[in-house]
Amino acid sequence: MTPRLRGPGSLAFAGSTPCYPRTVPSSTFRASLRHVSSSASSSSSSSPSKGRTFVRIAVVAATAGAIGAYVRWQQDSKNSTLNPFTFTHYELVSREPISSTSSLFTLRPVRPGHNREVYEAAWRTGVWSVMFKQPQLQIGRDYTPLPPIEKVLDAAENTSEGEHQEPLRFLIRRDPHGEVSRYLHGLSLGTTVEMRGPQIECEIPSDVKDILFIAGGTGIAPALQAAYTLLRRENGTPDARIHILWANRKREDCLGGSNDNLQSPDERPWWRKLFSSSPATAPETPSKGLIVKELETLKSRFPGQITIDYFVDEERTMIDKQSILRLTKSSDVSTSGGKLILVSGPDGFISYMAGPKLWAEGRELQGPLQGMIRELDLKGWSVWKL
């Protein structure tokens with residue numbers, strides 16, 4: 001681009017006829033011409049420099065703008081898609097009571113994102129959780145999503161917003177001493193909640209064909225996850241099995257659940273009832289709780305591949321060595337491949353079954369195998385505490 005020249009000198013340098021008085025001596029005119037030529041030359045050399053400076057400034061400004069736009073796009077993408085590094089906004093759309101102490105929470109992303117791909121990658125891997133933030137105290141707690149159910153997936157696919165409608169569901173117990181659980185149970189529908197994840201709690205190896213899951217209370221959520229992951233794998237075979245032993249304090253938490261492998265208190269022979277304590281309470285209605293219904297749905301979807309046995313403290317039924325041995329021995333005969341025992345529930349429950357987990361260097365570690373499972377000395381079974 002030809003630089004524009006400004007001032008009297010530029011006009012003379014451009015060849016215009018200057019209007020000088022005729023009385024100007026020739027020597028003065030020559031000196032003036034030299035001055036004009038020098039000024040024009042100086043202006044000519046400085047203008048390209050100014051042009052180059054302008055170009056540099058424009059390039060820097062455009063680059064900075066592009067970087068800023070990219071950063072904003074990255075931030076918006078993270079804020080709309082569940083990720084392990086930043087908190088994503090979800091909306092509480094429903095809270096359905098399961099029992100007097102726990103509820104089923106359903107949340108969906110506030111903004112559209114790529115959440116389905118994130119969820120699916122986590123489901124393929126194993127058991128995973130997300131962290132809920134309590135904003136007033138700036139603390140967080142991990143909760144395990146329940147597997148999606150068919151009607152939820154169908155509803156998501158039929159909406160124009162697609163992934164924006166795909167929810168996550170959580171079974172959360174109200175803990176009187178738990179800051180996060182009390183905060184969540186106190187929220188109104190429509191409230192925005194911040195979540196971060198996924199966090200893989202246990203990767204289920206591809207060679208595992210048999211899982212024994214020992215769950216206490218809301219530990220049934222990761223048990224449902226493990227069943228969902230194991231039984232729907234693309235490389236899965238019909239000989240994959242999962243056996244769930246689920247312990248609760250009250251029958252209301254597993255209302256309507258009936259055992260697949262063990263005898264329920266009301267199914268025992270009359271002569272055994274004479275020599276054992278009567279249950280404190282018994283189911284009064286044939287209705288089934290929401291979590292029991294979901295377990296039944298999984299059983300119908302994968303017939304013969306999942307079994308559940310229920311234990312209730314108030315009915316004086318407990319997970320004992322014989323109930324574990326019965327399932328592990330039958331699995332040794334019926335399947336080949338990797339065998340995995342998973343234990344999930346309150347800290348005291350995990351410690352009783354497999355020994356406590358440990359904290360070291362800011363991380364939670366498995367700790368040595370102890371408790372009831374160590375006493376059984378099971379061969380060929382790996383154990384993981386959740």
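Which strand holds Tyr143? In this predicted model, the answer is strand E4, which covers residues 139-143. Before following Tyr143 further, a quick look at the whole protein helps.

The chain has 386 residues, and 39% of them count as buried. Its secondary structure comes to eleven helices and 14 strands. Contacts often reach a long way along the chain: taking those between residues at least 6 apart in sequence, 73% join residues at least 24 apart. A search for disulfides through the whole structure turns up zero. In general terms, a disulfide is a covalent bond between the sulfur atoms of two cysteines. Two cysteines can still be placed by their exposure: Cys202 counts as buried because its relative accessibility is 5%, and Cys254 is buried too, with a relative accessible area of 0%.

Back to Tyr143. With a relative accessible area of 7%, Tyr143 is under the 20% cut-off, so this residue counts as buried. Setting aside neighbours within four places in sequence, Tyr143 is in contact with Ser129, Val130 and Phe132. The list of its contacts also includes Phe170, Ile172, Val180, Ser181 and Leu184. There is a long jump along the chain here as well: Tyr143 and Ala221 sit 78 residues apart in sequence, while their C-alpha atoms are 8.9 Å apart in space.

One of the residues touching Tyr143 is Ser129, and Ser129 belongs to strand E3, residues 126-134. Is Ser129 buried or exposed? Its relative accessibility is 2%, so Ser129 counts as buried. Besides Tyr143, Ser129 touches Asp142, Thr144 and Pro145, and also Gly197, Pro198, Gln199 and Glu201, with residues up to four places away in sequence left out of the count. With Glu201 there is also a polar contact, made side chain to side chain at 2.5 Å.

Two of the residues that Ser129 touches, Gly197 and Pro198, are linked in a noteworthy way: a cis peptide bond joins them, with omega at about 0°. As a rule, most peptide bonds are trans, and most residues other than glycine have a negative phi. Pro198 itself has its place in strand E7, which runs over residues 192-203.

Strand E3 also holds Gln134. The relative accessible area of Gln134 is 7%, so Gln134 is buried. Leaving out neighbours within four places in sequence, Gln134 is in contact with Ile139, Glu179, Val180 and Tyr183. Val180 turns up among the contacts of Tyr143 as well.

Between E3 and E4 there is a loop, and Gln138 is found in it. Gln138 is not a glycine, yet its phi is positive, near 55°. What does its accessibility say about Gln138? At 53%, Gln138 is over the 50% cut-off and therefore counts as exposed. A second residue with a positive phi is Asp377, at about 55°, and Asp377 is not a glycine either. Asp377 lies in the loop between helix H11 (371-376) and strand E14 (382-385). Its relative accessibility of 48% falls between the 20% and 50% cut-offs, so Asp377 counts as partly exposed.

Now for a pair of helices. Helix H3 takes in residues 115-125 and helix H6 residues 220-231; the two pack at an angle of about 85°, and their axes are 8 Å apart. Because of that angle, H3 is roughly perpendicular to H6. Where they meet, H3 brings Trp123, Arg124 and Thr125, and H6 brings Gln225, Tyr228 and Thr229. Sorted by class, the contact has two nonpolar, three polar and one charged residues.

Within helix H6, Thr229 gives a closer view of this meeting. Thr229 counts as buried because its relative accessibility is 2%. Leaving aside neighbours within four places in sequence, Thr229 is in contact with Trp123, Arg124, Thr125, Gly126 and Ile204. A polar atom of the Thr229 side chain lies 2.7 Å from the backbone oxygen of Trp123. Along the chain, Thr229 and Ala122 are 107 residues apart, and their C-alpha atoms are separated by 9.2 Å.

Terms used:
Residues are numbered from 1 along each chain as its sequence is written. This is a predicted model: local features need pLDDT of at least 70, side-chain atom pairs count only at pLDDT 80 or more; totals for chains, interfaces and linings use all residues. Side-chain values use heavy atoms; hydrogens and water are left out. Helices (H or I, at least four residues) and strands (E, at least two) are DSSP runs, numbered from the N terminus. Buried means under 20% relative accessible area, exposed over 50%, partly exposed in between (1.4 Å probe, protein chains only). A polar contact is a pair of N or O atoms within 3.5 Å; within protein, one must be able to donate a hydrogen and the other to accept it, and residues adjacent in sequence count only if both atoms are side-chain atoms. Contact means heavy atoms within 4.5 Å. Axes are lines fitted to C-alpha atoms, for helices over the stretch in contact, and angles run from 0 to 180 degrees between N-to-C directions. Angles under 35 degrees count as roughly parallel, over 145 as roughly antiparallel, 65 to 115 as roughly perpendicular and the rest as oblique. Ala, Val, Leu, Ile, Met, Phe, Trp, Tyr, Cys and Pro count as nonpolar, Asp, Glu, Lys and Arg as charged, and the others, Gly among them, as polar. A disulfide is a pair of cysteine sulfur atoms within 2.5 Å.
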